[in-house]
Amino acid sequence: MTGYEQHYLGNPLLKKSNVPVEWTKEQILEYQKCMEDPLHFIQNYIRIVSLDEGLVPFTMFPFQKDMVGTIHSNRFTICRMPRQSGKSTTMVSYILHYVLFNPSMNVAILANKASTARDILGRLQLAYENLPKWLQQGVMSWNKGSLELENGSKIVASSTSSSAVRGGSFNMIFLDEFAFVPTNVASDFFSSVYPTISSGKSTKVIIVSTPNGMNLFYKLWTDAENKRNSYNIIDVHWSEVPGRDDKWREETIANTSEEQFQREFECEFLGSSNTLIHPSKIKTMAFQNPIESNAGLDMYERPNPANTYVVIADVSRGTNNDYSAFIVFDVSTVPYRIVAKYRDNEIKPMLFPNIIHDVAKAYNQAYVMVEVNDIGEQVASALQFDLEYENLIMASMRGRAGQVVGGGFSGGKAQLGVRTTKAVKKMGCSNIKQIIETDKLIINDYNLINEWSTFILKGQSYEAEEGHCDDLAMCCVLFGWLVQQTYFKELTDDDIRARMYAEQQGQLEQDMAPFGFMDNGIDDPHGETVIDEYGQRWSPVVRSYDSNW
């Protein structure tokens, strides 16, 4: 067989399948050494392209060696790494070892964009072409989106979507920059793909990313830190990359921004800028796993017969764009607590009232307030007239006072819920910001924390950043509006604004102290003010008369 016939499609760097190889004793020993030790293989045979020097051997940093060791020894690995730290190159090197020395392995390289995944596969193919022929497996197929070797191993590259690898069976899935996959896509992906790998005993999932807000990557990372899942964490600081010191940090911040550096190099889980809730407060929110979760309903506390509950519902059309959602608040004591939440983007408005009814009934016939701007009016009507739910909070238009809530039709133009006007949203945003930032409402739900991290100022109002949802956040905004209503204060026997003012009164007085106080000569410091038989007010100390009293 001529040399040309041994090449795959005439490429002299690739060995064709079924080409016999004559081994020397040294090569056999070296092959065995590479098979047993991924680091030996990577450090001696992987070539990468350097921007300054061209094709060079891959000289690994200490954290990259630790990364390979952790991935090789564990099934589930999640890595939080700064920008330009060589994470993709490290993964390419390990994946190449994995398919060369393990027959019949299927590997999926998935990224937030298909072009990114194919770029990673391109790096792997470049490294493969520069291997010695005796280390190569014969090539069966070779293109921009996949490759197959004669030992039966395959690699595919695609975007991270629910349909990317559906129906396939994979031994390893590598998710690159997973934090940049839209939250709804990431959730659908895991629900469809995880069954393909959970059945195996040696299958691997490797998630590598720079943080990008409080999304599914944040949840998986936090759960791993708290030992709530099986992922082994790899946390790399920017200072572990050679050449990065304080001078480099200062220069990078000067050329970008402090916030960008915190996100991309310090790997902070920062949300969007200009969020309604201050980012420092969002960072302190700790989500919990629900005690029960089924069909969109997450329960954090079971109903307590002695407690009072309020349900705030936001309705969508059930067309996969927005979510129909509601939150169950325990308003018996302050701080208020979220005890349950429902969120589904496929539930139809015709069925949504039944779910609200069943949950509200279970929580001691909770008071229910529905947002009725659009299709919500249909939901509220079904609750009132079809299901005959008694504790529906209604609102009446009271002229300049705007909407005022009550338990029934008590004057004015009444409606079966609240209409989100500019005034309602403005007051609700202001109130919920104060309530959350002063710890008067405990946020414990992951989806809600995620929504707060992208609930940003747009124009004169707040709404979800493009590509994100704000249905749960709007439930909270309506709750913030509700707590200032007289009806709510009578319902709970608690004035939250008065409570917050009382708690901050000492600080307010200290802030005002430098201005001093005026002594009008009427009030005696010892409280000895006298009122005569004519109702006039006198101070026995200075005998001054207050004509305006």
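## The largest pocket

The largest pocket in this predicted model has a volume of about 1,200 Å³. Its lining is made up of 37 residues, and those nearest the centre of the pocket are V49, Q84, G86, T89 and R123.

Four elements, β3 (47-50), β4 (54-57), α4 and α5 (114-129), each contribute at least two residues to the lining of the largest pocket. Of the elements, α5 gives the most, with six residues. Sorted by class, the lining of the largest pocket holds 15 nonpolar, eleven polar and eleven charged residues.

## The second largest pocket

For the second largest pocket, the computed volume is about 970 Å³. This pocket is lined by 33 residues, with S187, L216, K219, Y446 and N447 lying nearest its centre. Two or more lining residues come from each of α6, α7 (216-225), β14 (297-299), β17 (336-344) and α14 (446-452).

Which element supplies the largest share of the lining of the second largest pocket? That element is α6, with seven residues. By class, the lining of the second largest pocket comprises twelve nonpolar, 13 polar and eight charged residues.

## The enclosed cavity

Rolling a probe the size of a water molecule over the atoms shows where empty space is left. With a threshold of 30 Å³ or more, the count comes to one cavity. The largest cavity has a volume of about 40 Å³.

The residues lining the largest cavity are I173, L175, F189, F190, V193, Y194, I197 and V205. Two elements, β10 (172-176) and α6 (183-198), give two or more residues to this lining. The largest share, five residues, comes from α6. How many nonpolar, polar and charged residues does the lining of the largest cavity have? By class, there are eight nonpolar residues, no polar residues and no charged residues.

Helix α6 thus appears in two linings: it provides the largest share for the largest cavity, and it also provides the largest share for the second largest pocket.

## Helix α1

Helix α1 covers residues 25-36, and its length can be checked against an expected value. At 1.5 Å a residue, the twelve residues of α1 should span 16 Å; the end C-alpha atoms lie 17 Å apart, which agrees.

Where on α1 do the buried residues lie? The buried residues of the helix are Q27, E30, Y31 and C34. They cover an arc of only 105° around the axis, and therefore lie on the same side of α1. The face of α1 turned away from this buried side carries the exposed residues K25, L29 and E36.

The packing partners of the buried residues of α1 are α2 (38-45) and α4 (87-100). Helix α4 is also one of the elements that supply at least two residues to the lining of the largest pocket.

## The chain as a whole

The protein chain has 17 helices and 26 strands. Of its 549 residues, 48% are buried.

Contacts across the sequence were also counted. Among the contacts in the protein chain with a separation of 6 or more, 65% are between residues 24 or more positions apart.

Conventions: Residues are numbered from 1 along each chain as its sequence is written. This is a predicted model: local features need pLDDT of at least 70, side-chain atom pairs count only at pLDDT 80 or more; totals for chains, interfaces and linings use all residues. Side-chain values use heavy atoms; hydrogens and water are left out. The expected span of a helix is 1.5 Å times one less than its number of residues. Buried means under 20% relative accessible area, exposed over 50%, partly exposed in between (1.4 Å probe, protein chains only). The arc is that of the directions from the helix axis to the C-beta atoms. Contact means heavy atoms within 4.5 Å. On a 1 Å grid over the protein atoms alone, a cavity is a set of points where a 1.4 Å probe fits but cannot get out, and a pocket is an open set with protein on both sides within 12 Å along at least five of seven lines; lining residues have an atom within 4 Å of a point. Grid points are joined across faces, edges and corners, and a volume is the space filled by probe spheres set on the points. Ala, Val, Leu, Ile, Met, Phe, Trp, Tyr, Cys and Pro count as nonpolar, Asp, Glu, Lys and Arg as charged, and the others, Gly among them, as polar.
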